Amino acid sequence: MLSNQEKMLIVQIWERLTPVAEEIGADALLRMFACFPGSKTYFSHLDISRGSPHLLSLGKKIVLALAEGSKDISQLTVTLAPLQIMHAYQLRIDPTNFKLLSHCMLVALSCHMRDDFTAVAHAAMDKYLSAFAAVLAEKYR
Amino acid sequence: MVEWTDFERATIKDIFSKIEYDVVGPATLARCLVVYPWTQRYFGKFGNLYNAAGIAENAMVSKHGITILHGLDRAVKNMDDIKNTYAELSVLHSEKLHVDPDNFKLLADCLTIVVAARFGNGFTGEVQAAFQKFMAVVVSSLGKQYH
């Protein structure tokens with residue numbers, strides 16, 4: 001359950017990070033690959049080493065999708081419909097991995113924003129990422 | 001037995017030698033109580049936990065946060081036998097404090113994020129992996145004596 005204040009905070013954070021979407025997204029992914037090696041199995045067809053164009057492009061897509069979704073959280077099911085279909089029928093990434101990436105995204109945000117990533121911002125963002133992941137997995141079965 | 005690489009050992013010692021316990025401890029416990037409010041169930045006697053500001057200013061939370069963080073010192077010093085190092089603490093958390101062991105992971109995640117903020121870009125993916133592996137062993141050991 002997100003309060004209006006929390007929704008605003010989430011929008012502000014993603015607005016602030018959109019210019020560095022590639023950097024943040026790639027950082028979160030690299031952290032996930034380092035901490036949870038099983039997650040790498042979904043990317044065996046790509047070069048996901050630090051600095052690779054694949055990694056940067058993927059990272060950017062993810063952050064931009066998170067930013068877009070945050071603009072109207074009540075409409076997540078509509079905004080994410082194409083991504084829902086892609087993840088359910090094409091990518092078929094086990095949803096446990098969404099939690100792993102969410103955690104690594106929070107760590108990436110903390111490293112980047114440092115003291116600005118307050119407990120309140122952390123709580124709001126954790127809730128948003130959980131909601132996002134839940135919607136993403138909705139069409140799996 | 002847990003196998004630690006030289007990098008992992010060095011990383012853990014390095015992190016714990018550099019963090020300010022009286023900042024990181026309080027910040028971590030406070031963050032846990034804010035991000036996972038149901039954890040407040042264990043702190044009924046701590047007074048004002050009504051909002052983030054109240055939690056951040058709460059002297060009992062700060063003091064307890066420091067206690068918890070220092071509790072990790074023994075694991076840092078005994079990385080090769082964390083399970084036995086924490087046997088007694090595990091019994092305490094189970095029999096006396098009745099803490100659901102799932103909460104240990106929540107606190108560990110909050111600690112990771114607080115440490116990340118302290119170190120910024122120095123908290124690389126590899127450092128994070130080592131830190132999370134250490135905390136996972138701590139969490140597992142604390143839950144070991146539950147029955």
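Across all chains of this predicted model, a search of the whole structure finds 10 aromatic pairs. One of them joins Y128(A) and F132(A) in an edge-to-face arrangement, with 5.9 Å from centre to centre and 65° between the planes. The angle counts as edge-to-face because it is over 60 degrees. Both residues belong to helix 7 of chain A, which covers residues 119-136, and they stand 4 residues apart, about one turn of the helix. Y128(A) is buried, its relative accessible area being 0%. F132(A), at 8% relative accessibility, is also counted as buried, because the cut-off for that class is under 20%.

The setting of this pair in chain A may be described next. According to UniProt, in an unreviewed entry, the feature "domain: Globin" lies at residues 1-141 of chain A. Over those residues the chain is 70% helix and 0% strand, and the C-alpha atoms at the two ends are 24 Å apart.

Chain B has aromatic contacts of its own. W4(B), F16(B), F123(B), F131(B) and F134(B) together form one aromatic cluster. Elsewhere in the chain, a ring meets a charge: the charged end of R41(B) sits over the ring of Y42(B), at 5.0 Å from its centre.

Helix 8 of chain B, residues 102-119, allows a check of its geometry. With 18 residues at 1.5 Å a residue, this helix should span 26 Å, and its end C-alpha atoms are 27 Å apart, which agrees. Helix 8 of chain B is also mostly covered, since 13 of its 18 residues are buried. Just after this helix, G120(B) adopts a positive phi of about 60°.

Key. Residues numbered from 1 in each chain as written. Chains lettered and ligands numbered in written order. Predicted model: local features only at pLDDT ≥ 70, side-chain atom pairs only at ≥ 80, totals over all residues. Heavy atoms only, no water. UniProt positions renumbered as here; feature names shortened; annotations may be inferred. Expected span 1.5 Å × (residues − 1). Buried < 20%, exposed > 50% of the residue type's maximum accessible area, 1.4 Å probe, protein only. Phe/Tyr/Trp six-rings, centres within 6.5 Å; stacked < 30°, edge-to-face > 60°. Lys NZ or Arg CZ within 6 Å of the ring centre and 35° of its normal.
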